[in-house]
Amino acid sequence: MSAPDPIKTKLPALPNLIFASRWLQLPLYLGLILAQVVYVYHFWVELVHLIEAAFGHADALQKLVTSIGYRTDAPITTLNETVIMLVVLALIDVVMISNLLIMVIVGGYETFVSRMNLEGHPDQPEWLSHVNASVLKVKLATAIIGISSIHLLKTFINADNYTDRVLIAQTAIHITFLLSAMAIAFTDRLMTPAAHADH
């Protein structure tokens, strides 16, 4: 007797309702896509201001200085290396957060809602071929560490505008993120030793 086709097997009403409830997450992922749109818009606004400031536009320069929170006793009349570095780091920060959003949207949808059937697609992300809840957690933790590193670097470059307490607190938070990611990765390795051995 052949096994029933899993696609045609019908679930009882209650399990079917519970299983279908996963689609309630769909609006959340659509909301994250909208958040991604906001980040793209913010990125281009900052980039346009940077290009305008490079050509001597004073208003664009002041908008950049305000957005990065850079303060100095001497008035800033031209684009200097510190401002450029802080703006570029802010742009990198936006890109890394966008990467994090993509991992959550694509990986979360694939893991918790429905298969996207991307096997064989030329643009399928390499990491998506073996994604699961544990792998997603490790990748998200790693991405958060990268974002925290950028924030910490921005703070150190602009250290004159922060108190020692803020600098110590941000460093401690970054170390906490790092230790948390290591703990997540270690726990995942302990729970799935066979899977890691295959790779």
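**Figure 1. Surroundings of T155 in helix α5 of the predicted model.** In this predicted model, T155 touches Y162, L167 and Q170, when residues up to four places away in sequence are not counted. The residue itself lies in helix α5. Is T155 buried or exposed? T155 has a relative accessible area of 4% and is therefore buried, since the term applies to values under 20%.

**Figure 2. Contacts of K154 in helix α5.** K154 is found in helix α5, which covers residues 133–157. Which residues does K154 contact, once its neighbours within four places in sequence are left aside? The partners of K154 are L86, L89, A90 and D93. One of these partners, L89, is 65 residues away from K154 along the chain, yet the C-alpha atoms of K154 and L89 are separated by 6.8 Å. Of the residues in this view, L86, L89, A90 and D93 belong to helix α4, whose range is residues 81–113.

**Figure 3. Surroundings of I145 in helix α5.** I145 also has its place in helix α5. With a relative accessible area of 14%, I145 is buried, because this value falls under the 20% limit. I145 is in contact with H174, F177, L178 and A181, leaving aside neighbours within four places in sequence. A further residue to locate in this view is S180, whose C-alpha atom is 9.6 Å from that of I145. Along the sequence, I145 and S180 are 35 residues apart.

**Figure 4. T187 in helix α6.** T187 has its place in helix α6, which comprises residues 164–191. How accessible is T187? Its relative accessibility is 39%, so T187 counts as partly exposed; this class lies between the limits of 20% and 50%. The C-alpha atoms of T187 and S134 are 9.4 Å apart in space. In sequence, 53 residues separate T187 from S134.

**Figure 5. Helices α2 and α3 at their crossing.** Helix α2 consists of residues 26–54, and helix α3 of residues 58–68. Their axes come within 8 Å and cross at roughly 130°. The two helices are therefore oblique to each other. The crossing in which α2 passes α3 is left-handed. On the side of α2, the contact is made by E46, H49, L50, E52 and A53. On the side of α3, the contributing residues are A60, L61, K63, L64 and S67. How do the residues of this contact divide by character? Five are nonpolar, two are polar and three are charged.

**Figure 6. Helices α2 and α4 side by side.** Helix α4 covers residues 81–113, and its axis comes within 10 Å of the axis of α2. The axes of α2 and α4 cross at roughly 165°. This angle makes α2 roughly antiparallel to α4, because angles over 145 degrees are placed in that class. The passage of α2 across α4 is a left-handed crossing. In the contact of α2 with α4, 21 residues are nonpolar, four are polar and one is charged.

**Figure 7. Helices α3 and α4 in contact.** The axes of α3 and α4 are 10 Å apart, and the helices pack at an angle of about 60°. Here, α3 passes α4 in a left-handed crossing. Which residues of α3 and α4 meet? From α3, L64, V65 and I68 take part, and they meet V83, L86 and V87 of α4. The contact of α3 with α4 contains six nonpolar residues, no polar residues and no charged residues. L64 of α3 also takes part in the contact with α2, and L86 of α4 is among the residues that K154 contacts.

**Figure 8. The protein chain as the setting of the close-up views.** The protein chain has seven helices and zero strands. From the N terminus on, its elements accordingly run α-α-α-α-α-α-α. The chain contains 199 residues, and buried residues make up 28% of them. Its exposed area is about 13500 Å², of which carbon and sulfur atoms supply 67%. Among contacts between residues at least 6 apart in sequence, 62% join residues at least 24 apart.

Terms used. Residues numbered from 1 in each chain as written. Predicted model: local features only at pLDDT ≥ 70, side-chain atom pairs only at ≥ 80, totals over all residues. Heavy atoms only, no water. Axes fitted to C-alpha atoms, helices over the stretch in contact; angles between N-to-C directions. Helix = DSSP H or I, 4+ residues; strand = E, 2+ residues; numbered from the N terminus. Parallel < 35°, antiparallel > 145°, perpendicular 65-115°, else oblique. Left-handed = near helix turned anticlockwise from the far one by under 90°. Contact = heavy atoms within 4.5 Å. Nonpolar A, V, L, I, M, F, W, Y, C, P; charged D, E, K, R; others polar. Buried < 20%, exposed > 50% of the residue type's maximum accessible area, 1.4 Å probe, protein only. Areas by Shrake-Rupley, 256 points an atom, 1.4 Å probe, with all protein chains shown as cover.
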